[in-house]
Amino acid sequence: MDKKKEWEAAIREKRVTYDIYAELPEDGQRYEVLDGALELMSGPSLVHQMLGAKLTYLTTQSCGSDYFILTAPLDVILSPRNVAQPDVIFIHRSRTGIMTMRGIEGAPDLVVEVLSPGSRHRDKVRKLDIYGKHGMQEYWILDPDARTLDRYEQEGDRLALTELFEGEDHVVSDKLPCISFALSELFAEEQIGRLLAGG
């Protein structure tokens, strides 16, 4: 069987592995592999990009000396059948062994997903389950519409919601003590408010 037919069969049967994913011809799209299914990711909105950049800026100020803070697109290879591209990725500098030329091989210390209309179910249900099963210690979901941040922590073999930040709440993390900022700082940019208001 030639490569193209092999890829097509794997995609159709939801048995895509990292090796198949890495061999796919470049088509200008972004994909993830979730439980063997190849998932097309929609392009991020302007608000999505602005919030991700602001979060990266704020956390780099306090955590940059302790953590590598990386942004998508970057493969996080959790297993052969689970390859995600979180929006923001934190890896403690003592764990550089999981950083390879292929991407991040293993669970980072923290990943953040900024919700988009097309990613809500994937980020809040599917990825939450996959990240939990693969030992992610902390996971944040930033919801631009609700202007909230959900913080999940590992409990056994799953991630459980431990805190919901909103309004003027101060975002902190037990696992990443360097993190400390007011959630409202993420939304302080006038352009973000205008865009979220439909402008």
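**View 1. Helix α4 and the glycine that follows.** Just past the end of α4, Gly135 adopts a positive phi of about 80 degrees. Like every view here, this one comes from a predicted model. Helix α4 covers residues 120-133, 14 residues in all. From first C-alpha to last, α4 reaches 19 Å, close to the 20 Å expected at 1.5 Å a residue. Follow the helix to Lys127 and you arrive at the centre of a kink of about 40 degrees. Lys127 is also buried, and so are Arg122, Asp123, Leu128, Ile130, Tyr131 and Gly132 of the same helix.

**View 2. A cluster of tyrosine rings.** Tyr131, which we just met in α4, is linked with Tyr139 and Tyr152 into a cluster by ring pairs. How many aromatic pairs are there by the counting rule used here? The count comes to four. In one of them, the ring centres of Tyr131 and Tyr139 lie 4.9 Å apart with their planes at 80 degrees, so this pair is edge-to-face. The cut-off behind that name is a plane angle over 60 degrees. Both of these tyrosines, Tyr131 and Tyr139, are buried.

**View 3. An arginine over a phenylalanine ring.** Here the charged end of Arg93 sits over the ring of Phe68. The distance to look for is 4.0 Å, taken to the centre of the Phe68 ring.

**View 4. The β1-β2 hairpin.** Strands β1 (residues 30-34) and β2 (residues 37-41) run antiparallel and are joined by five bridges. To find your way across the pair, start at Tyr31, which stands opposite Leu40 in β2. Is β1 enclosed or open? Four of its five residues are buried, so β1 is largely enclosed by the rest of the structure. Two residues lie between the strands of this hairpin. Asp35 is found in the loop here, between β1 and β2. Its phi is near 50 degrees, a positive value in a residue other than glycine. With a relative accessibility of 39%, Asp35 counts as partly exposed.

**View 5. Strand β9 and its two partners.** Which residues of β9 (residues 110-114) are buried? On one side they are Leu110, Val112 and Val114, and on the other Val111 and Glu113, so both faces of the strand are covered. That makes five of five residues buried. Strand β6 (residues 88-92) runs antiparallel to β9, and three bridges join the two. Phe90 has Leu110 of β9 as its bridge partner. With β10 (residues 138-143) the arrangement is parallel, and four bridges join that strand to β9. Glu113 finds its bridge partner in β10 at Ile141.

**View 6. Asp150 and its surroundings.** Asp150 belongs to strand β11 (residues 148-155). Is Asp150 buried or exposed? With a relative accessible area of 10%, Asp150 is buried. The residues it touches, leaving aside those up to four places away in sequence, are Lys124, Tyr139, Trp140, Ile141, Leu161, Glu163 and Leu164. Two names in that set may look familiar: Tyr139 is part of the ring cluster, and Ile141 is the bridge partner of Glu113. Leu164 is 14 residues from Asp150 in sequence, while their C-alpha atoms are 4.6 Å apart in space.

**View 7. Helix α3 from end to end.** Helix α3 takes in residues 46-63, which is 18 residues. Its first and last C-alpha atoms are 25 Å apart, close to the 26 Å expected at 1.5 Å a residue. The buried residues of α3 are Val47, His48, Leu51, Gly52, Leu55, Thr56, Leu58, Thr59 and Cys63. For reading a list of this kind, it helps that an α-helix has 3.6 residues a turn, so residues three or four places apart point the same way.

**View 8. Backbone details in two loops.** In the loop between β3 (67-71) and β4 (76-79) you will find Pro73. A cis peptide bond joins Ala72 to Pro73, with omega at about 0 degrees. The second stop is Arg147, in the loop between β10 and β11. Although Arg147 is not a glycine, its phi is positive, at about 55 degrees. Its relative accessibility of 33% means that Arg147 counts as partly exposed.

Key:
Residues are numbered from 1 along each chain as its sequence is written. This is a predicted model: local features need pLDDT of at least 70, side-chain atom pairs count only at pLDDT 80 or more; totals for chains, interfaces and linings use all residues. Side-chain values use heavy atoms; hydrogens and water are left out. Rings of Phe, Tyr and Trp (its six-membered ring) pair if their centres lie within 6.5 Å; planes under 30 degrees apart count as stacked, over 60 as edge-to-face and the rest as tilted. Buried means under 20% relative accessible area, exposed over 50%, partly exposed in between (1.4 Å probe, protein chains only). A charge sits over a ring if NZ of Lys or CZ of Arg is within 6 Å of the ring centre and within 35 degrees of the ring normal. The expected span of a helix is 1.5 Å times one less than its number of residues. The bend at a residue is the angle between axes fitted to the seven residues ending there and the seven starting there. Two strands pair if DSSP finds at least two bridges between them. Contact means heavy atoms within 4.5 Å.
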